[in-house]
Amino acid sequence: RVIFRSLRAVAEVKRDMESEKPMDRLLCGDVGFGKTEGAIRAAYKAVMDHKQVAVLVPTTVLAQQHFQTFSARFADFGVSVDVICRFRSAKEQKATIERLEANKVDVLIGTHAILNQKRVHFSDLGLLIVDEEQRFGVEHKETLKALRTDVDVLSMSATPLPRTLEMAISGIREMSILQTPPEERQPVLTFVGAYTDAQVSAAIRRELLRDGQVFYVHNRVDSISSVAAHITELVPEARVRTAHGKMNEHQLEAVIQDFWNHEFDVLVCTTIVETGLDISNANPRIGDRADTFGLSQLHQLRGRVGRGRERAYAYFLYPSDKPLTETAPER
């Protein structure tokens with residue numbers, strides 16, 4: 001049973017969808033405050049009004065996670081949900097597009113590929129949901145503008161771009177804010193400091209003692225294997241795997257699925273997990289070279305933990321032997 005406490009935001013979205021003017025609303029809220037739940041309810045309303053829904057996401061991992069979430073929520077309501085992403089074969093994607101054109105797909109989830117109007121044709125698109133709007137470039141937004149003339153658009157972001165925020169505040173776009181955290185949610189304890197092996201091994205061992213899991217973010221593909229090997233040396237009892245964007249789709253999907261199923265303890269990964277992964281059993285989030293991340297990335301990465309009832313920790317670590325830039329300490 002899903003308890004959603006930000007009912008005002010849902011009411012505002014519903015009111016916009018029922019008005020004669022196409023909706024253009026920004027749903028803004030902290031990471032894990034329920035933006036996806038708001039989107040699911042808007043999608044359900046659109047489908048009940050006999051319209052199709054497109055859910056645009058920035059990463060393949062997030063597309064797959066949303067596909068699982070939406071499918072589970074709509075399983076008892078006869079709503080057809082499908083996905084276009086690189087985890088699907090060309091044959092599967094072609095079949096999805098054919099079903100979409102025949103109006104046999106109610107909700108289509110995917111990366112920017114679903115904006116390709118030469119390839120993807122909706123039978124009767126009524127609602128476009130844009131998750132993590134700040135991750136899309138000018139070209140994608142121009143395509144979105146062309147759709148906005150007769151399609152409701154719901155954009156979601158925890159860290160909206162200044163221009164997007166200015167449009168919302170000045171009244172050009174409507175904005176709903178989610179301010180109520182989920183029940184039993186505890187704030188993420190955040191530590192910023194120089195990297196030490198002792199601190200990393202202690203954080204991992206503490207989590208293993210409570211049978212939890214750990215995200216370790218290292219944003220360099222060329223050295224990620226050596227970092228994983230070093231963690232195995234520090235904590236020999238931990239089961240360690242790696243994930244990054246240069247893996248093929250089958251390898252990446254298998255690793256993410258295995259982590260979800262708790263078949264290993266520590267996921268050493270790039271910022272490919274910046275958005276999307278919702279694994280409530282993973283609570284510490286350790287990032288080396290945190291000084292190289294942007295503010296939005298740091299915020300999103302911290303939001304990957306603390307999604308269950310357990311107290312979560314985020315460690316943002318930087319090399320003790322290298323000077324920081326002027327802006328890094330402020331971030």
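This passage walks through the sheet, one loop residue and the aromatic side chains of a predicted model.

A good place to begin is the open sheet, where seven strands with parallel pairing follow the order S3-S4-S2-S5-S6-S1-S7. Strand S3 (81-84) and strand S7 (174-178) form the edges, each pairing on one side only. On average, neighbouring strands of this sheet are turned by 20° against each other, direction ignored. In general, the strands of a sheet pair through backbone hydrogen bonds, in either a parallel or an antiparallel manner. Within this sheet, strand S1 (residues 24-29) and strand S6 (residues 152-157) are joined in the parallel sense over five bridges, and Cys28 stands opposite Ser157 in S6. Helix H2 (residues 35-48) lies across S1, strand S2 (52-56), S4, S5, S6 and S7, and runs at about 170° to S6.

From the sheet, the view moves to a loop. Thr111 is found in the loop between strand S4 (107-110) and strand S5 (125-131). This residue counts as buried because its relative accessibility is 11%, under the 20% cut-off. Leaving aside residues up to four places away in sequence, Thr111 touches Leu56, Val57, Pro58, Thr59, Thr60 and Ile84.

The aromatic side chains complete the picture. The count of aromatic pairs comes to seven, and ring pairs link Tyr44, Phe70, Phe74 and Phe77 into a cluster. Charged side chains also meet rings: Arg88 lies over the face of Phe67, 5.0 Å from the ring centre, while the charged end of Arg206 sits over the ring of Tyr313, at 5.0 Å from its centre.

Terms used: Residues numbered from 1 in each chain as written. Predicted model: local features only at pLDDT ≥ 70, side-chain atom pairs only at ≥ 80, totals over all residues. Heavy atoms only, no water. Phe/Tyr/Trp six-rings, centres within 6.5 Å; stacked < 30°, edge-to-face > 60°. Lys NZ or Arg CZ within 6 Å of the ring centre and 35° of its normal. Helix = DSSP H or I, 4+ residues; strand = E, 2+ residues; numbered from the N terminus. Buried < 20%, exposed > 50% of the residue type's maximum accessible area, 1.4 Å probe, protein only. Contact = heavy atoms within 4.5 Å. Pairing = 2+ DSSP bridges. Axes fitted to C-alpha atoms, helices over the stretch in contact; angles between N-to-C directions.
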